Amino acid sequence: MRDVYILGVGTTKFGELWDLSLRELASEAGLKAIMDAGIYAEDVDALYGANTSGGQFVDQEQIAALIADYSGISDLNIPSIRVEAGSASGGAALMQAYLAVKSGQLNTVVVGGVEKMTDVPSEVATEIIGGSLDAEWETFFGATECSIAAMIARRHEFEGKAKRENYAMFPVISHKHASMNDTSHFKNIIKIEDVINASPVAEPLTVFDNAPISDGASALVISADLKKINNASHPIRIKSSSAANDFLSLHDRRSVDSFRAVKKSSDSALSLAGLDIGKIDALEIHDSYSIAALIQLEEILGKDAVKMTEGNDFYFNSSKPLNVSGGLKAHGNPLGTSGLYQAVEATVQLRGKAGQRQVKDPKNFLIHNMGGLGTTSVSTVIGVD
Amino acid sequence: MSEVPRFWRESRHRYRLVGTRCTNCDTLYFPPRVICPTCRRESVGKMKEEEMSGAGEIYSFTVVHDGLEQFKMQIPYVMALVKMKDGPFVTAQIVDCSPEEVKIGTKVTATLRKVRSEGKEGIIQYGYKFTICP
């Protein structure tokens, strides 16, 4: 089967973007990606739009059609489909777009993600984020997504697998990296004590263990068209993309403090790419909650993950750079966008254009995007040939 | 605002903790399921409703400080994953206690309470919460 390349990437700034609407965010990112790829709308065979909860945040469904319309391409009748898989929507859309191009039916596709979260009060946003849980048997009874993460953390700690500090350090790393990224939601540097002592959201988790409520959009142009690949200034290859799922609710899982879907999707993506984890130079993972970051790494890297949190291994200039973008925690977490921003970051890094936070000469990135807490897992390997 | 059937159809499950047992592998599920995730097609037509005892113990828990609008008056409130004596795990609030009394392993029992309401004129929704066993 043919190779699929990322020809162009684009992103908006992430944050509380009061003056920008969902449609403006989406078209900004899409336009940037198309210009970066050096192509025109006439070259695009399809648009895949990732969005988690537009129906609730801004009362808008049929979002891919809206994006295409406001990007000025409606007269081209380009098929435009929304992909939704909770907060894994971005990764899932990228995977669908990749498979469509890989199949040979489509040659060049735009895949974009957008979420406009700050048009509702934060309590309402918390409620909407909880939509990724089981509405009838979790949210109904008062569970928030953070409360589920907190119960995972409490049990994980009770089992003696890790201490508070082992996961409280992920927000510290993400903030450090975000401070070097122009599009970050947060640019402040924090310490581990700040995470542990901040105001509680769902104990033991504090505000600093949670990724923020952000607006933002990101987009990529992917293609298997040799002419376009040769014309692109710096194409980067998608080597594989694979997904796996688990029970929707934590109370139905075979294990409360592990994410078996993450192991399945990451092992599968590595195997399809013909790589082992040792050949992955950097990781972007779904640090929606600090504890979620730790458990993902336990699944992806194995038992060493906890030990690695005790050193400096995860900084951009270290042995296993992690969330060099600033992660969901500090670069921001506009739900449906996040998985695509991970791919934008990997592309920029692999091109060697990440400035201050540049990982030294990376060849392969593994990006992991997750819906809920271990429910939907999408792993994608992006690298240079 | 929701229509009545949305809550009415779950009332026996939420009022009396009625789950479903797969009579093929003899596993009890709660919340109720129409297909057993272990036996899959072998379980079709073999899922029978069964009421749980209401006894359980805390498997994990959290104290929620920043919660849903509907539960704002109760903050801080305790959410727990309760391991039921009958097998299944249940996500529920622990009430009538201070958060300090809640520990992993604490024995609890189900009680029927008001859970939510939809404004002044909407439906009052009831369901289970748990209290610490004396």
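Chain A is divided into two domains: domain 1 covers 4-121 + 213-236, and domain 2 covers 145-211 + 239-383. Keep in mind as you look around that this is a predicted model. The centres of domain 1 and domain 2 of chain A, taken over C-alpha atoms, are separated by 23 Å. The two also touch: 42 residues of domain 1 of chain A are in contact with 37 residues of domain 2 of chain A.

**Two helices of chain A**

Let us turn to two helices, α6 and α11, set side by side here.

| Helix | Residues | Number of residues | End-to-end C-alpha distance | Expected span | Buried residues |
|---|---|---|---|---|---|
| α6(A) | 145-158 | 14 residues | 20 Å | 20 Å | 11 of 14 |
| α11(A) | 290-301 | 12 residues | 16 Å | 16 Å | 11 of 12 |

For α6(A), the end C-alpha atoms are 20 Å apart, which agrees with the span that 14 residues should have at 1.5 Å a residue. The helix α6(A) is mostly covered, and its buried residues include E145(A), C146(A), I148(A), M151(A), R155(A) and H156(A). After α6(A) comes G160(A), with a positive phi near 75 degrees.

Helix α11(A) reaches 16 Å from its first C-alpha to its last, close to the expected value. It too is mostly covered; among the buried residues of α11(A) are S290(A), I291(A), L294(A), Q296(A), E299(A) and L301(A). The residue G302(A) follows α11(A), and its phi is positive, near 90 degrees.

**A serine in helix α1**

A single residue makes a good place to pause. S27(A) is found in helix α1 of chain A, which runs over residues 22-37. Is S27(A) buried or exposed? Its relative accessibility is 17%, so S27(A) counts as buried, the cut-off being under 20%. A polar atom of the S27(A) side chain lies 2.9 Å from the backbone oxygen of R23(A). As for the spacing along the chain, an α-helix has 3.6 residues a turn, so residues three or four places apart point the same way. Leaving aside neighbours within four places in sequence, S27(A) is in contact with Y70(A) and S71(A).

**Aromatic rings and charges**

Over all chains, the structure holds 11 aromatic pairs. In one of them, the rings of Y59(B) and F89(B) have centres 4.9 Å apart and planes at 80 degrees, so this pair is edge-to-face. Y59(B) belongs to strand β4 (residues 55-64) of chain B and F89(B) to strand β6 (residues 89-95) of chain B, so that the pair links distant parts of the chain, 30 residues apart. Both Y59(B) and F89(B) are buried.

Another aromatic pair, F71(B) with Y77(B), is tilted, at 5.6 Å centre to centre with 35 degrees between the planes. F71(B) and Y77(B) are both buried as well.

Y59(B) has a further partner, this time from chain A: R155(A) lies over the face of Y59(B), at 3.6 Å from the ring centre. You have already met R155(A) as one of the buried residues of helix α6(A).

Which residues form one aromatic cluster? They are W137(A), F140(A) and F141(A), together with F7(B), F30(B), Y128(B) and F130(B). A charged residue also sits at this cluster's W137(A): R14(B) lies over the face of the W137(A) ring, at 5.1 Å from the ring centre.

Methods
Residues are numbered from 1 along each chain as its sequence is written. Chains are lettered from A and ligands numbered from 1 in the order in which they are written. This is a predicted model: local features need pLDDT of at least 70, side-chain atom pairs count only at pLDDT 80 or more; totals for chains, interfaces and linings use all residues. Side-chain values use heavy atoms; hydrogens and water are left out. Helices (H or I, at least four residues) and strands (E, at least two) are DSSP runs, numbered from the N terminus. The expected span of a helix is 1.5 Å times one less than its number of residues. Buried means under 20% relative accessible area, exposed over 50%, partly exposed in between (1.4 Å probe, protein chains only). Rings of Phe, Tyr and Trp (its six-membered ring) pair if their centres lie within 6.5 Å; planes under 30 degrees apart count as stacked, over 60 as edge-to-face and the rest as tilted. A charge sits over a ring if NZ of Lys or CZ of Arg is within 6 Å of the ring centre and within 35 degrees of the ring normal. A polar contact is a pair of N or O atoms within 3.5 Å; within protein, one must be able to donate a hydrogen and the other to accept it, and residues adjacent in sequence count only if both atoms are side-chain atoms. Contact means heavy atoms within 4.5 Å. Domain bounds come from an automatic or database domain assignment.
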